[in-house]
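Q: Could you take me on a close look at one part of this structure, and show me how it fits into the rest? I'd like a connected account that I can follow in the viewer.

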Amino acid sequence: MKGLGEQSNSLLLGQGMGRTGGTFMSSTLQEVPISKQLELPVMESSQLQMSIGLAIGGYKVISVYPRANFLLLATNDIVNVLDKLPFNNIIIRTSYGPSGKIHPGEQHVGRPYQAFTKMCCKNVEIIELENSDNIMDIYKYAYRRCDGRSTLIFENGDYYFKE
């Protein structure tokens, strides 16, 4: 995330950003300049609507949803708005799990990846990171793409906890 935050046109927004320490993802945001982070309250649909507006305005937006089940509340905006816009300025970052000692509760461990892949998305590429070895490559790919598609990336929460 540090590399994305260093880009002149990037903006990261969502809940539990690096300066608040609210989620396990926040540890990956601590080196992102505060001027590149926009902490939001819990308002998932509005968050994606804001992301779309910022992207239309020229920002490369990394919209962070700490858990995939939160992202479900923005499904309408993904399917009926974002997917219909032919630009590649939005990366949606979300996660599921972890499944180890630090268990977040059943509502947070589900893997809705397959449900999203079956949605009517033609311009949003949906990627499930299968291992932590290619995280950097996937985010570089999503940032640099110029094919008119946005990217939704599902991370496994187990990447952040070692037992």
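The part in focus is strand β6, together with its partners in the sheet and the helix that packs beside it.

A: Happy to! One thing to keep in mind from the start is that this is a predicted model. The mean pLDDT of the chain is 83, and 79% of the residues reach at least 70. Confidence peaks in α2, with a mean of 96, and is lowest in helix α5 (residues 106-109), with a mean of 58. Where pLDDT is low, the predicted coordinates should not be read in detail.

Let's set the scene first. The chain contains seven helices and six strands, and its elements follow the order α-β-β-α-β-α-α-β-α-α-β-α-β from the N terminus on. So β6 is the element that closes this series. The six strands make up an open sheet with parallel pairing, in the order β2-β1-β3-β4-β6-β5. At its edges are β2 (37-39) and β5 (124-128), each of which pairs on one side only. On average, neighbouring strands are turned by 20° against each other, direction ignored.

Now zoom in on β6, which covers residues 150-156. In the sheet order, β6 sits between β4 and β5. On the β4 side, the two strands run parallel and are joined by six bridges; one place to find this pairing is Y96, whose bridge partner in β6 is N156. On the β5 side, the pairing is also parallel, over five bridges, and here I127 has I153 of β6 as its bridge partner.

Is β6 buried or exposed? Seven of its seven residues are buried, so the strand is largely enclosed by the rest of the structure. If you colour the side chains by direction, S150, L152, F154 and N156 point one way, while T151, I153 and E155 point the other way, and all of them are buried. For the chain as a whole, buried residues make up 50% of the 163 residues.

Next, bring helix α7 (residues 135-144) into view. This helix packs on the sheet and touches β3, β4, β5 and β6, and its direction makes about 165° with that of β6. Another helix to compare is α2 (residues 44-56), which lies across β1, β2, β3 (60-65) and β4 (90-96) and runs at about 170° to β3.

Within α7, a good residue to stop at is Y143. With a relative accessibility of 17%, Y143 counts as buried, because the cut-off for that label is under 20%. Setting aside residues up to four places away in sequence, Y143 touches L4, Q7, N9, K60 and I91. One of these, K60, lies over the face of Y143, at 5.3 Å from the ring centre. Another, Q7, is 136 residues away from Y143 along the chain, yet their C-alpha atoms are separated by 9.7 Å. Aromatic pairs, on the other hand, number zero in the structure.

That link between Y143 and Q7 has a counterpart in the contacts of the chain. Among contacts with a separation of 6 or more, 76% come from residues 24 or more positions apart.

To pull the picture together: β6 is a buried strand that pairs with β4 and with β5, and α7 packs on the sheet and touches β6.

Notes
Residues numbered from 1 in each chain as written. Predicted model: local features only at pLDDT ≥ 70, side-chain atom pairs only at ≥ 80, totals over all residues. Heavy atoms only, no water. Pairing = 2+ DSSP bridges. Helix = DSSP H or I, 4+ residues; strand = E, 2+ residues; numbered from the N terminus. Axes fitted to C-alpha atoms, helices over the stretch in contact; angles between N-to-C directions. Contact = heavy atoms within 4.5 Å. Phe/Tyr/Trp six-rings, centres within 6.5 Å; stacked < 30°, edge-to-face > 60°. Lys NZ or Arg CZ within 6 Å of the ring centre and 35° of its normal. pLDDT = per-residue confidence, 0-100. Buried < 20%, exposed > 50% of the residue type's maximum accessible area, 1.4 Å probe, protein only.
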